[in-house]
Amino acid sequence: MVSLSWYLIFAAALFSIGLYGVLARKNAIAILMGIELMLNAVNINLVAFWRYGDLANIAGQAFAVIVFAVAAAEVAVGLALVISLYRRRNTVAADEINLMKW
Amino acid sequence: MSGLEIIFLIVAGVTLLASLFVVTTPNLVHAALWLILALFGVAAAFVLLNAAFLAVVQVLVYIGAIAVLMIFAIMLTRRVMKDSGPQTNANWVWAALLGLLLFAGLTFVLINSGAEQASLPALALDADPIAQLGQELVSPNAYVIPFELASVLLLAAMIGAIVVAWKK
Amino acid sequence: MSDPINLISQWFANLLLSWGLAEGLVKVISSAIGAAIVATLGLVTVIALIWVERKIAGRLQDRLGPNRAGPFGLLQPFADIIKIFTKEITTPNGADKVAFNIAPVLAMASVLLIWAVIPFAATVVGTNINVGVLYIVAVGSFGIVAVLMAGWSSNNKFALLGAFRAVAQMVSYEIPMVIALLVPVLLARSMGMNDIVAAQTPWFIVIAPLAALIFLITSMAEVGRAPFDLIEAESEIVAGFHTEYSGMGFGMFYVSEFLHVWTVGALMATFFFGGWSGPGAENLPILGIVYFYIKTFIGYFLVTWIRLSLPRIRIDQLLAFNWKFLTPLALVILIATAIVDKALEIAGVERWGYALIMLAVNLFIGWVTILILKAVEPRRKRQRVEFAPRPVAVAPKTPDS
Amino acid sequence: MLDNWLYIGLFIIVALFIPAVAVLLPRLIGPRKPNAIKQEIYECGIETVGDAWVQFKVQYYIFALVFLIFDIEMIFLFPWAVAFDKLPLFAVMEGVLFIMILLVGLVYLWRKGALEWA
C-alpha cells in the first residue's frame, strides 16, 4: 500500500527543489517557476491529507482549488511585473533589480 | 510491491527529475517544458489520490494556461536568453544546502510522525466528491467567502497585471 | 445481452484468466488492447476522411475531386500515405531537435486522447470518468503546448509568429467554449460523457441551441480551419507553426487536424444531439454506434461545408468576435440557463414544458442579441464605385490625323 | 475508479506510441540526404537575417493572461453546475454573482481597450 508518508516525502522533495530554484536562480521567470513547484508540493499535501483523512470533509480539495486561484493570480501579476521591468530596465535578473534597496 | 506502488514511484521519480531540470537548465524555454512535465506528474499524483477533478484542473490550469503564459513571457523578455553568463546567482551553494537540509529535516520529522500508520479509508461508491465540492463552495456554512473572494482576487490580479504590463 | 463488443472483451478476459494470469495483469492487458483499438479506429477514420473531405471539397467547388487511383479515387489516401512515409524528414539548422520531433507526436496525441472518453453506445465506451467534459478541455491544452513547441523549436520567424498567433487564437476561443460546455453540464448535472448522453430527453440542441452554436463556432476556431485559419494563413506567414516540417512530421499535424474536425462532430453529437441515443439504441448497442456515427458525420459535414464557403477573417476581427461577442453572450446564456432552470425546478415544471420554456428563453436571447447587433453596427448600404464608361480598346492615333 | 484512470493512462501511452512510430519510421525507410541548402531555414527563398527571436507584441501576453484568469473562474463553476440539483436558490445566486464579477472584469477590459488588437 502506498502510505501517506510516501506522498508527504514526495511533496517535501518537490518543495525543497522549488526552494532551491527560488533561491539560486537569477532570472525572475525561473524564480516564478520555482514558486510554482512549491505551490504544487503544498497541493499534493492538501489532497493527500484529504484522501487519508475524513473523506466526508472536503476541506483539502476546497483549499487546493483556492491554491490554484492564488497561484494563477501570482503568476499573472508576477510575469506582468517582469515584462514591465524588462521594458524599463532591459533586464530580468533578480539580483540586478535593486531600485528599492536604498 | 503492488502495481500501485510501482506506478507511484514512477510518477514521483519522473516528477522530481523533471523539477530538478526545471531549476538547473540554463535554457529557460527548456525549463518551461520540463515544468510542464513536472506539473503533469503532479496531476498523475492527484489521480492516484482519487482526486480526478483536481487532476484535470491541474492540467487545464497549469499546463494549458500558466505554462503557456510563462513561455510567452520568456519570449517577450527573450534578450536575456542570449547572455551566456551563469543562470544562477552567487548564493546557489547555500541555496542547495538549504534545500537539502529542509528535505532532510522534513523527511526526518515525517518518518517519526506516524504518518506511516495512517489508514486509507475506502471510497464510498455513492459519494461524488465533485458534487460535494460544488455544494460546499457556495454554502454559507463552508467556503462561500473564499469562493467569492477568489473571484474578486482574480479580478484584481487581472486588472493589476494589465495595468502593469500595458504599454502606453 | 445483445452486445457483441462487451461479450468479446469479457470472453477475452476470461481466456486470459484461464491461462493463469493475475487479475490485475488481465485488467491492464485488456485495457491496453481496448485503448489500442479505439486509437487505431481514430486513425483509420482519418484515412477515410481524407478521401471524403477531398470529394466534398471537389463537389462544392464544382470539380471532381480525386478520381484516378482506384474506383472513385478510393485508393488516393493510401497513395498519399505511401508517399508521405517515404519522404525525407528534414530538420532545419539551429532547430531544437528533441522538441522539434516531440511536437507533432504531442499534437496527434492531444486529439487522439479525446476519444478515450467518447461514448460510442450505451455500453461501448472507453471509460466513463466523472470529469469527462473537463478532461476533454484539459487534453486540448496539450495541443497548445505542441503548437508552441513546434513554433519555437523550428528556429524560424514564420513558425514562431504562427505559433504565437495560433496560441492566442486557441486560448481566446477556449473561454466561450468552456462556458458553452458548462450549459450541458448544468443541464445534465454531471461531467461524465455517458451521463450527459443519458440525460438528453429531449436533445440539448432543443434546450440550449445557442450554447450548441457557440460550441460549434469555438471548436472550429480551436481546430484552426477556415474561416479561422489564420494559424496557417499561407499568404501571410507561409504555413504557420509547421513551416519547417516535412514528411511525416507535417503529416502528423495534418492528420491531427483532420481527426480534430471529426472529433468536433463527435463532441457536437455527444453534447447536443443525444450521442448514441435513438430509437432502439438502449437495447441494441450496435444501433447506437450507427446513430452516433451518422450524427458525427452530419456535424463533420457541417464544419467542412462552412470551411469551404467562408473566407478567412482578419486577426483583429477574430479576437473582437471572440471577446466582444461570443464571451459575453455565453456568459449571459449561462446565467439565464441557471436561473430559469432553478425557477422551473421550484415551480415544478417537467420535461417538455421545461424544454419549451428553455427554448423560448434561448430564442429570446438570440433575438435580443440580433437587435443589439443591429443597433451597434447598422448594415451599411452596399457602395458601388461608379466609373465613367470607357472604351475597351482605343485606336492608335495616326500621325497624320 | 482507478480502473477508469488505468485505461486513460494506457491510452496516453498508446496515443504517444502510435504517432511516435509514425514519425520515426520514415527516418528508417525514407531517404536521408541532407545538404546545407536543404537544411536552411525557410524564409521564402531569401537568406535568413538575424535569428528567429523577433520582438513580439505584448498583446499576446495580455490575451494569455485574460485567458488564465477566466479559465480559473470557469473551473470554479464546474462543481457548482454538477451539484446544481442540491443547491438552494441562495447558492444558485452565489454562482450567478460569481459570473457577474467575471462580466465586470470583461467590461473593464473592454473599456480599457485591452481587447483591441491594434
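## A kinked helix in chain C

There is a kink of about 30° in α13(C), centred on N322(C); a bend is the angle between axes fitted to the seven residues ending at a residue and the seven starting there. Helices here are DSSP runs (H or I, at least four residues), numbered from the N terminus. This is a predicted model, where local features need pLDDT of at least 70, side-chain atom pairs count only at pLDDT 80 or more, and totals for chains, interfaces and linings use all residues. Residues are numbered from 1 along each chain as its sequence is written, while chains are lettered from A in the order in which they are written.

Helix α13 of chain C covers residues 315-347, and at 1.5 Å a residue its 33 residues should span 48 Å (1.5 Å times one less than the number of residues). Its end C-alpha atoms are 46 Å apart, which agrees. Right after α13(C) comes G348(C), with a positive phi near 80°.

## Two helices side by side

Now for α1 of chain A (residues 4-24) and α1 of chain B (residues 3-24): their axes come within 9 Å and cross at roughly 10°. Axes are lines fitted to C-alpha atoms, for helices over the stretch in contact, with angles from 0 to 180 degrees between N-to-C directions. That makes α1(A) roughly parallel to α1(B) (angles under 35 degrees).

## Where chain A touches chain B

Chain A puts 57 residues into the contact and chain B puts in 70 residues; contact means C-beta atoms, placed from the backbone, within 7 Å. On chain A's side, α3(A) gives the largest share, 18 residues.

Notes:
Angles under 35 degrees count as roughly parallel, over 145 as roughly antiparallel, 65 to 115 as roughly perpendicular and the rest as oblique. Two residues are in contact if their C-beta atoms, placed from the backbone, lie within 7 Å.
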